[in-house]
Amino acid sequence: MTTDQLDPVYTCPMHPQIIQDHPGNCPICGMTLEPKMIETSHHDDSEYKDMILRFWIGMAFSIPVFLLAMSDMFPAFDRYISPNLSRWLQFLLSTPVILWAGWPFFQRGWQSIISHHLNMFTLISLGVGVAYIYSLIAFFFSDLFPSTFLHQGKVPLYFETAAIITVLVLLGQVLELKARSQTSQAIKALLDRAAKTARIVEQGREQEIPIDQVKVGDVLRVRPGDKIPVDGSLIEGKSFVDESMVTGESLPVEKEANHAVIGGSINQKGSFLMRAEKVGHETLLSRIVQMVAEAQRSRAPIQSMADEVSSYFVPTVVCIAILTFIIWAWIGPQPSFFYGLVNAVAVLIIACPCALGLATPMSIMVGMGRGAEAGVLIKNAEALEKLEKVKTIIVDKTGTLTEGKPKITQIISVEQGKENEVLRFAAAIEQNSEHPLANSIIQGAKERAISLTKAENFQSYTGGGVSGRVEDHEILVGKSSLLEERKVNDTAVLLPKAQELQMQAQTVMFVAIDGQAAGLITVSDPIKSSTPVAVSELHKLGLKIIMLSGDNEQIAQLVARKLGIDEVHANVAPDCKQQFIEQAKNKIGFVAMAGDGINDAPALAAADVGIAMGTGTDVAMESADVTLVKGDLMGIVRAIHLSHAMMRNVRQNLFFAFIYNALGIPVAAGLLYPLTGLLLNPIIAALAMSLSSVSVIMNSLRLRKTKL
């Protein structure tokens, strides 16, 4: 069990540096803190339910207050409700709206003052509080006001202004919470894919148990249509598995003995037994969920600029509001006090920097979720911002450009039509070998549906090959030198072809049957089918591609020529890869590195953006900023498109946030009044403030439809 499970940790989605061991509000922006560890249990939407309840009750009370305040426009209204009764009703109906429905805003506003982190709730609580307290004094102590303050014999009240602003801000909060919930659809979809139970097999008996009771090493039965409960490998049976939710691959993947399976993927046809290897928070699905959740809470450097602007912005707005009140009270038309108050409240409300605070985090949350859907897991937002600036991508060869698993590429038989026989005898012998190439020959025989018989008298020759007896035939598999040493006939016939294939970076194995050269089997690490297209797309994006490989020069150059790689460096040791990255950063600028092995981990960590193949080692994924679940270079293309789309979206959001404030504050202060007689009612200011947040939210949600 992890520490997060024992001691819940809470953090702010806008300011992830805020961490505490109990629920509460962020001291910087005032938002409700969220659990850091994502669980598969029921999603906590209590804040959303609380806000929407406050909104509906607040609106039900505020509409009558608004109509009563507008009664002057309808002279016949006095026949039914007297002016005094109307003022009492406005007070009674608006008070629960402000003191109950709007209470969270006052709490957060007060907290912002105590913590010296002024934010949007500072302005909201000031604006609503000033309008409400003034109205209370004007209602209960109207005799304190001079006659010049009267309007139609009464001191004007602004209960409806305070109530409607509260409701509009509540609406903005409801929309924001709903949008934040929608940004996590990718996480929720992944969580929904997790199995709730598993069928454990013990002493030949099957029993269904809760998923949290599965332990490493347990043998589990998976039937057709079942969700695979945890990560593990097949030990009996075979099937086709739908891994699309995790890898993005639409076609089912064939699985048989020793093949790995991913928890949350769906078994389609066959029934099989599997051994549990990773459970709980160690499974790939759980790690993906946590990576996406942590990435959504991470900060892009551009957000620091927005935060710095906000830290100066709020005090400036308070000063502008005070100055607005003083100027209007001094030189404004009668009753000047009320003009000053109304305009000051309008400035406080329209200047609320909620849209500015949402601009970057909303794009990050939506963008990370969109990336997860496409099999691109981003560890932090800074990586995406840097990825937009990358002009050079350095890639490892084995496991990144190539499959990383040697496969049979060609079988040549001395006797025409005997290729399968050559492979059958070779694979039968190799069943007893521990050489890395042996598995590729055995796998090649299985793919061709060749049944293998048992070999006898098996013998291995270090650095040379293997021999044995199969179906009363003496079989020899290995290098040409071994065949010559064993005086095999007609070996020279195969040598020219073998040398030609070796020049093409193929590993060649000779096969002899009963002392006679029978054929050749060539093995190589094939280039991934998606690699050529990915390299082409990266070139179209204007990126330079450098191969950094530990393989020999001949093989590295051959792969580079086939793919059109711009620059090749072969025979590079792991520690030299890291040095190369450091030097490249100094010469070129922003550099991304893609790799999959343990030997790539230092280089991935050194790069501005490290990109790990999801099919590679855990340490590589831990060292990288970006993980490509499916493990092919097209994921890099998707990641770069995502970085461009997300940063473009952030800049659009910042524009929306600044343009509302830049245009709204002067109008709210009354700058247009001398020219047009136009003043901005605080209610309209509150609506404009809410619209700025809605604009940012809607623009951010467009990222969910971005084509990658």
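A residue counts as buried when its relative accessible area is under 20%. In this predicted model, 51% of the 708 residues of the protein chain fall into that class.

## Overall composition

The protein chain holds 25 helices and 25 strands. Its exposed surface amounts to about 32,500 Å², of which carbon and sulfur atoms supply 57%. If contacts are restricted to residues at least 6 apart in sequence, 67% of them join residues at least 24 apart.

## Nonpolar cores

The largest nonpolar core comprises 48 residues, and the members with the most contacts inside it are Ile393 and Ile636. Helix 23 (residues 634-669) contributes the largest share of this core, nine residues. Ile636 touches Ile393, Leu538, Ala594, Ile611 and Leu628, with residues up to four places away in sequence left out of the count. A second core, separate from the one just described, has 30 residues, among them Phe121, Ala131, Val167 and Val342.

## Helix 19 and helix 21

Helix 19 spans residues 553-563, and its buried residues include Ala556, Leu558, Val559, Ala560 and Leu563. The buried residues of this helix pack against helix 18 (531-540), strand 21 (544-548) and strand 22 (567-569). After helix 19 comes Gly564, which has a positive phi, near 75°.

Ala606 belongs to helix 21 (residues 601-606). With a relative accessible area of 9%, Ala606 lies under the 20% limit and therefore counts as buried. Apart from residues up to four places away in sequence, Ala606 touches Gln578, Ile581, Glu582 and Lys585. The C-alpha atoms of Ala606 and Val591 are 9.5 Å apart in space, and the two residues are 15 apart in sequence.

## Aromatic cluster and nonpolar surface patch

The count of aromatic pairs comes to twelve. One of them joins Trp88 and Phe91 in an edge-to-face arrangement, with 6.1 Å centre to centre and 75° between the planes. Because Trp88 and Phe91 are three residues apart in helix 3, about one helical turn separates them. Phe91 is buried, with a relative accessible area of 15%, whereas Trp88 is partly exposed at 41%.

Phe91 also pairs edge-to-face with Phe140, at 5.2 Å centre to centre and 90° between the planes. Phe91 lies in helix 3 and Phe140 in helix 5, so this pair ties together parts that are 49 residues apart in sequence. Phe140 is partly exposed, with a relative accessible area of 41%. A single aromatic cluster is formed by Trp88, Phe91, Tyr132, Phe139, Phe140 and Phe159.

Trp88 and Phe140 also take part in a nonpolar surface patch of about 690 Å², made together with Leu85, Leu92, Ile133, Ile137 and Phe141. Helix 3 (83-101) and helix 5 (120-140) each supply at least two residues of this patch. Patch membership requires over 30% relative accessible area. Phe140, at 41%, is therefore above that limit, while Phe91, at 15%, is below the limit and so cannot be part of the patch.

## Positive phi outside glycine

Most residues other than glycine have a negative phi. Two residues with a positive value are compared below, each placed in a loop.

| Residue | Phi | Loop | Relative accessible area |
|---|---|---|---|
| Asn258 | near 75° | strand 9 (253-255) to strand 10 (260-261) | 69% |
| Lys487 | about 55° | helix 16 (480-485) to helix 17 (491-503) | 67% |

Are these positions buried or exposed? Asn258 is exposed, because its relative accessible area of 69% is over the 50% limit. Lys487 counts as exposed as well, because its value of 67% is also over 50%. The loop that holds Asn258 runs between two strands, whereas the loop that holds Lys487 runs between two helices.

Definitions and conventions
Residues numbered from 1 in each chain as written. Predicted model: local features only at pLDDT ≥ 70, side-chain atom pairs only at ≥ 80, totals over all residues. Heavy atoms only, no water. Patch = residues over 30% accessible without salt bridge, like charges linked within 9 Å, V, L, I, M, F, W, Y side chains within 5 Å. Areas by Shrake-Rupley, 256 points an atom, 1.4 Å probe, with all protein chains shown as cover. Salt bridge = Lys/Arg side-chain N within 4 Å of Asp/Glu carboxyl O. Helix = DSSP H or I, 4+ residues; strand = E, 2+ residues; numbered from the N terminus. Buried < 20%, exposed > 50% of the residue type's maximum accessible area, 1.4 Å probe, protein only. Core = buried A, V, L, I, M, F, W, Y, C linked by side-chain atoms within 4.5 Å. Contact = heavy atoms within 4.5 Å. Phe/Tyr/Trp six-rings, centres within 6.5 Å; stacked < 30°, edge-to-face > 60°.
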